[in-house]
2 protein chains.
Amino acid sequence: MFGARVRDARMYANLTQQRVGELSGLARATIQEIESGRAAPTVDTVLLLADAIGVPPGVLFE
Amino acid sequence: MFGARVRDARMYANLTQQRVGELSGLARATIQEIESGRAAPTVDTVLLLADAIGVPPGVLFE
């Protein structure tokens, strides 16, 4: 699941949801919903998340 | 732009928008909008497109 990959990458980078929110401009609640699989982000949001976490976007699909 | 990568990958695979639509279950108009950048697909749609074109989803972000 995409959300689990985001959470794994975020935790591997030692970032909190709060911090990724600040870095990406996304609301913390949005990140929670994405990580839990309750929301399917658009490619634009994927790019914001990947950039904030510091990984290539493709990694979040592996 | 994500859409241009989808078009490049589709054309490299010698597939028409029509055929990718049939393979993915997406409407041809949706594929046209994504490729032209007028629509930002969700990760679920990205997975359908990548599968239909026959590439790993990450390739569409490179």
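Chain A exposes about 3300 Å² of accessible area. Carbon and sulfur atoms supply 50% of that surface. The model is predicted. Chain A averages a pLDDT of 96, and 100% of its residues score at least 70. For the complex, the predictor gives an ipTM of 0.88 and a pTM of 0.92.

The fold of chain A is helical. Four helices and zero strands are assigned. From the N terminus on, the order of elements is α-α-α-α. The C-alpha trace of chain A spans about 25 × 20 × 20 Å along its principal axes. A compact globule of 62 residues would have a radius of gyration near 11 Å, and the 10 Å of chain A agrees with this. Of the 62 residues, 42% count as buried. Contacts in chain A were also sorted by sequence separation. Among those between residues at least 6 apart, 55% join residues at least 24 apart.

Helix H4 of chain A covers residues 43-53. Its buried residues are A:Val43, A:Thr45, A:Val46, A:Leu49, A:Ala50, A:Ala52 and A:Ile53. An α-helix has 3.6 residues a turn, so residues three or four places apart point the same way. The buried residues of H4(A) pack against elements of both chains. Within chain A, the partners are helix H1 (2-12), helix H2 (17-24) and helix H3 (28-35). From chain B, helix H1 (2-12) and helix H4 (43-53) take part. Just after H4(A), A:Gly54 adopts a positive phi of about 90 degrees.

Chain B was examined in the same region. In H4(B), the buried residues are B:Val43, B:Thr45, B:Val46, B:Leu49, B:Ala50, B:Ala52 and B:Ile53. Their cover includes H1 and H4 of chain A. From chain B itself, the cover includes H1, helix H2 (17-24) and helix H3 (28-36). B:Gly54, just after H4(B), has a positive phi of about 90 degrees.

Helix H1 of chain B contains B:Arg10. The relative accessibility of B:Arg10 is 9%, so this arginine counts as buried; the cut-off is under 20%. Leaving aside residues up to four places away in sequence, B:Arg10 touches B:Leu15, B:Thr16, B:Gln17, B:Val20, B:Glu35 and B:Ile53. Of these contacts, B:Ile53 is also one of the buried residues of H4(B).

The arrangement of the two chains was then compared. A turn of 180 degrees, with a shift of 0.0 Å along the axis, lays chain B on chain A with an RMSD of 0.0 Å. The two copies are thus related as by a two-fold rotation axis.

At the interface, eleven residues of chain B are in contact with eleven residues of chain A. The area buried between the chains is about 890 Å². Carbon and sulfur atoms give 84% of this buried area. B:Ala40, B:Val43 and B:Phe61 supply 59% of the area that chain B buries against chain A, more than any other three residues. One of these, B:Val43, is among the buried residues of H4(B). Of the interface residues of chain B, 100% are also interface residues in chain A, so the copies meet through the same surface.

Methods: Residues numbered from 1 in each chain as written. Chains lettered and ligands numbered in written order. Predicted model: local features only at pLDDT ≥ 70, side-chain atom pairs only at ≥ 80, totals over all residues. Heavy atoms only, no water. Buried < 20%, exposed > 50% of the residue type's maximum accessible area, 1.4 Å probe, protein only. Helix = DSSP H or I, 4+ residues; strand = E, 2+ residues; numbered from the N terminus. Contact = heavy atoms within 4.5 Å. pLDDT = per-residue confidence, 0-100. Least-squares fit on C-alpha atoms with pLDDT ≥ 70 in both. Rg over C-alpha atoms; globule rule 2.2 N^0.38 Å. Areas by Shrake-Rupley, 256 points an atom, 1.4 Å probe, with all protein chains shown as cover. Buried area = accessible area lost by both parts, 1.4 Å probe.
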